[in-house]
Amino acid sequence: MKRIITTTVINQSGVLNRVTGLLMKRQFNIESISVGHTEQPGMSKMTFVVNVEDERKIEQLLKQLQKQIDVIKVNDITDKAMVMRELALVKVATIPAVRSEIYSIVEPFRATVIDMSKSATTFQVTGDPEKIEAFIDLMKPYGIKELTRTGVSAFVRENQKVPTNHVSIL
Amino acid sequence: MEVNVKAKESTNKEQTRSGADVLIQSLKKQGVDIIFGYPGGAVLPIYDALYKNPIRHVLARHEQGAIHAAEGYARVSGKTGVVIATSGPGATNLVTGIADAMLDSLPLVVFTGQVASSVIGTDAFQEADIIGITQPITKHNYQVKNVEDLPRIVKEAFYIASTGRPGPVLVDIPKDISTQMFLSVTDENEGIHLPGYQPTKNPNYLQIQKAIKVISNSKKPLILGGAGILTAKATRELKEFVERHQIPITNTLLGLGGIDGDHPLFLGMAGMHGTYTANTAICDCDVLINIGARFDDRLTGNLAHFAPNAKVVHIDIDPAEIGKNVPTAVPIVADAKEALRELLDQSFDSPDTVDWLTSLNVNKKEYALRYKADKEKGILPQQAVELIHRLTNGDAVVTTDVGQHQMWTAQYYRFNNPHNWVTSGGLGTMGFGFPAAIGAQLAKPHERVVAVVGDAGFQMTLQELSLLQEFRLPVKVVILNNQSLGMVRQWQQTFYEERYSQSLVHVQPDFVKLAQAYEIQGYKVETMEEAEKVFAEAFSTNEPALIDCRVVQLENVYPMVAPGKGLNEMIGVRGE
Ligand SMILES: Cc1ncc(C[n+]2csc(CCOP(=O)(O)OP(=O)(O)O)c2C)c(N)n1
């Protein structure tokens, strides 16, 4: 199963290495990882999506992460109400014959055009990973020339009370 | 006005010191009274500072020897072992010891030199990324980037190494940081600020209540005591708890000494070469109280057969160990001493263990450890260990290397006292035993220290004989010489149809002459009669000694749980 883990870490050199090294040592597979500064100076937030077999493994992962001296906080937010976003840049072959067709598909995704040439258009699309997957699937038939994704960034929603009948988006 | 300025200037001058000087100062503040190390280019400034402001330094003959000595020192003294090595090869020579200390939770602070900051990352002479290399095998590591951070880092390093679940911390110091002059602001009163490191010492009250209920209602409770009991210095509390509630106890390999080896409630060691009684007790118990052990696979055997009937209560200072390998009914994150105190403070009904103890005592008699001595064949290693036990009354500090001799020592040297047992459990590091004995002897100069080693493992670090010579350390080195990589040979005999691939060693040095070369009394014995005489003589002096004790080559360690098997499937229960 996929789990979304967020960690707050002290922004020390090597801390990313420490965390990914730990995941490697303990045989966890990282699906995506994103890192950046937070509102607190000197603190960074890492969001990663990992594939784990069972509950015990995930518990072990959280505990091992927590053990790192530079890791301040660890959360498995998979089952929480949360906001989650990822950004993808997708360069699609857009020969004039299909261009308007592609644009009409793109519209509901609110993807923006950020670069364009005679034969290709680069779209920027943001959203949860499922939306990005859907976008990529729709673009595939036209020919994806290049693709890059940032990995998921997430945190929990302010309001946790409403029981979301949660269909895991991952 | 002028006077004031001058006064200020002069105090500034006084306080301006090099990074290396401040380092030595910081070590003194930490109460460090011995350093195990080896100099080289990148640590020359540190050794120069040490020259001017000495702390006792033991110059090992190889960095691996230095760090294993520091481990031995830490194990018996409970204090943090300190190691210094140079960059590159000096640092990489420490890797085995660091990994060993990590797996066996030994407090070490290891200082490595590093090439100058300006050339880090350029493959400079003797540059090795020791931070990257040791990141997975240290509790934490630091590279000092600013000399101002040095005092804080040293303080944190000692704190992290010695608290919670102890472990090795490495501090990598670029050469320019050591030489840089700076104004060291005294930080005496500044506390340690580590928001990501707050080990839990005291047990949760509700969990203690749960544990009490589970224990009270049990019929066949069993305690598994690990090294956590020793680290927490909780042997008195443990004994009181065990005796008050009449609960039998077994130890892990590293937990030996946590309870008197002859205590009537002690079932012997558990695990791969544990006693039949201890291992079957684990299989039969209805409550297993793990105090400070980590359910290592050499202890548990096949997990599917491990303690199948038991509710597990697990007390550990490291929350990550709880539930890692064995599902746990009552998790208690705490220091073993605090948890035991809490359990002792609560009055509760002892479980009725009379029948349970009776049946265990039958097993203890029926399935006692045994061997078949045969005068014709020569000395059995078990006999040699029993002889050492007899001559030292079970009171010696005993270190071992790794292999058959290690298991025989664990089985037959029943420790009367805690903190006297030094062995490499988690990593199983050959070459550990002898230098560890040197560190142990330096920590306890007035106690008898015996290093029981194999002929092969001893040859991995025997250069440290120089230290016995130099400091006249009265360590007694006993080589249980089976002229083979005994444990490997045993496995090849048992699991590879006696194909002794690279495990029989026909060429050896003359160990007696070797000892003499280091001006140490050397002996060789081949019969029990000789052994009785020679061991008695060697153990009566206050000088170092080395005994090449020739033992039966094909003797095996029994009983045994074969790899992949459950604790209930022991072989060689009757000693063959
Ligand atoms: C550094 C290292 N290399 C290899 C091994 C694998 N190993 C475990 S026991 C053993 C044999 C040890 O032989 P010896 O030191 O003579 O002790 P004995 O088993 O004969 O008592 C070996 C090679 C190890 N534990 N450590």
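## Exercises on a predicted two-chain model

The C-alpha centres of domain 2 of chain B and domain 3 of chain B lie 31 Å apart. The model is predicted. Work through the exercises with the structure in view.

### Exercise 1. Domains 2 and 3 of chain B

Task: Describe the contact between domain 2 of chain B and domain 3 of chain B. How many residues does each domain give?

Solution.

- Step 1. Count the residues. Domain 2 of chain B gives 16 and domain 3 of chain B gives 17.
- Step 2. Find the bounds. In chain B, domain 1 is 18–182, domain 2 is 205–366 and domain 3 is 381–550.
- Step 3. Take the area. About 1,400 Å² is buried between domain 2 of chain B and domain 3 of chain B, and carbon and sulfur atoms give 63% of that.
- Step 4. Name the main contributors on one side. L253(B), L256(B) and H273(B) lose the most area in domain 2 of chain B, together 38% of what that side buries.

### Exercise 2. A charged pair between the domains

Task: How many salt bridges are counted between domain 2 of chain B and domain 3 of chain B? Test a candidate pair.

Solution.

- Step 1. Recall the principle. Side chains of opposite charge can pair when their charged atoms come close.
- Step 2. Set the cut-off. A side-chain nitrogen of Lys or Arg must be within 4 Å of a carboxyl oxygen of Asp or Glu.
- Step 3. Test D262(B) and R414(B). Their N to O distance is 2.6 Å, and the side chains meet in a salt bridge.
- Step 4. Give the count. There is one salt bridge between domain 2 of chain B and domain 3 of chain B.
- Step 5. Add the polar contacts. Four residue pairs are in polar contact between these domains, both residues at pLDDT 80 or more.
- Step 6. Sort the residues. The side of domain 2 of chain B that touches domain 3 of chain B has seven nonpolar, four polar and five charged residues.

### Exercise 3. Where the two chains meet

Task: Characterise the interface of chain A and chain B. Which three residues supply 44% of the area that chain A buries against chain B?

Solution.

- Step 1. Count the residues. Chain A puts 19 into the contact and chain B puts in 21.
- Step 2. Take the area. It is about 1,500 Å², with 47% from carbon and sulfur atoms.
- Step 3. Name the three. R18(A), R56(A) and I69(A) supply that 44%, more than any other three residues.
- Step 4. Look for salt bridges. The interface of chain A and chain B has one. D318(B) and K67(A) meet in a salt bridge, 2.6 Å from N to O.
- Step 5. Count polar contacts. Nine residue pairs qualify between chain A and chain B, both residues at pLDDT 80 or more.
- Step 6. Place the chain A side on its elements. α1 (15–25), α2 (55–67) and β4 (71–76) of chain A each give two or more residues. The largest share, seven residues, comes from α2(A).
- Step 7. Sort the chain A side by class. Five residues are nonpolar, seven polar and seven charged.

### Exercise 4. A pair within one helix

Task: In which helix do K63(A) and E59(A) lie?

Solution.

- Step 1. Locate them. Both lie in helix α2 of chain A, four residues apart, about one turn of the helix.
- Step 2. Read the distance. K63(A) and E59(A) meet in a salt bridge at 2.9 Å, N to O.
- Step 3. Set the pair in the whole. The structure holds 31 salt bridges over all chains.

### Exercise 5. The two domains of chain A

Task: Describe how domain 1 of chain A and domain 2 of chain A meet. What is the count of salt bridges between them?

Solution.

- Step 1. Measure out the layout. Domain 1 of chain A is 2–76 and domain 2 is 83–155. Their C-alpha centres lie 29 Å apart.
- Step 2. Count residues. Domain 1 of chain A gives eight and domain 2 of chain A gives seven.
- Step 3. Take the area. About 480 Å² is buried, 57% of it from carbon and sulfur atoms. I4(A), S34(A) and T47(A) lose the most in domain 1 of chain A, together 53% of what that side buries.
- Step 4. Count the pairs. There are zero salt bridges between the two domains. Two residue pairs are in polar contact, both residues at pLDDT 80 or more.
- Step 5. Find the strands. β1 (2–10), β2 (29–37) and β3 (43–51) of chain A each supply at least two residues of the domain 1 side.

### Exercise 6. Reading the record

Task: Which residues of chain A does the UniProt annotation "domain: ACT" cover?

Solution.

- Step 1. Consult the record. The unreviewed UniProt entry gives residues 4–79 of chain A.
- Step 2. Describe the span. Residues 4–79 of chain A are 32% helix and 41% strand, and the end C-alpha atoms lie 9 Å apart.

Methods. Residues are numbered from 1 along each chain as its sequence is written. Chains are lettered from A and ligands numbered from 1 in the order in which they are written. This is a predicted model: local features need pLDDT of at least 70, side-chain atom pairs count only at pLDDT 80 or more; totals for chains, interfaces and linings use all residues. Side-chain values use heavy atoms; hydrogens and water are left out. Domain bounds come from an automatic or database domain assignment. Contact means heavy atoms within 4.5 Å. Buried area is the accessible area (1.4 Å probe) that two parts lose on being put together, summed over both. A polar contact is a pair of N or O atoms within 3.5 Å; within protein, one must be able to donate a hydrogen and the other to accept it, and residues adjacent in sequence count only if both atoms are side-chain atoms. Ala, Val, Leu, Ile, Met, Phe, Trp, Tyr, Cys and Pro count as nonpolar, Asp, Glu, Lys and Arg as charged, and the others, Gly among them, as polar. UniProt positions are given in the numbering used here, feature names are shortened, and annotations may be inferred rather than shown by experiment.
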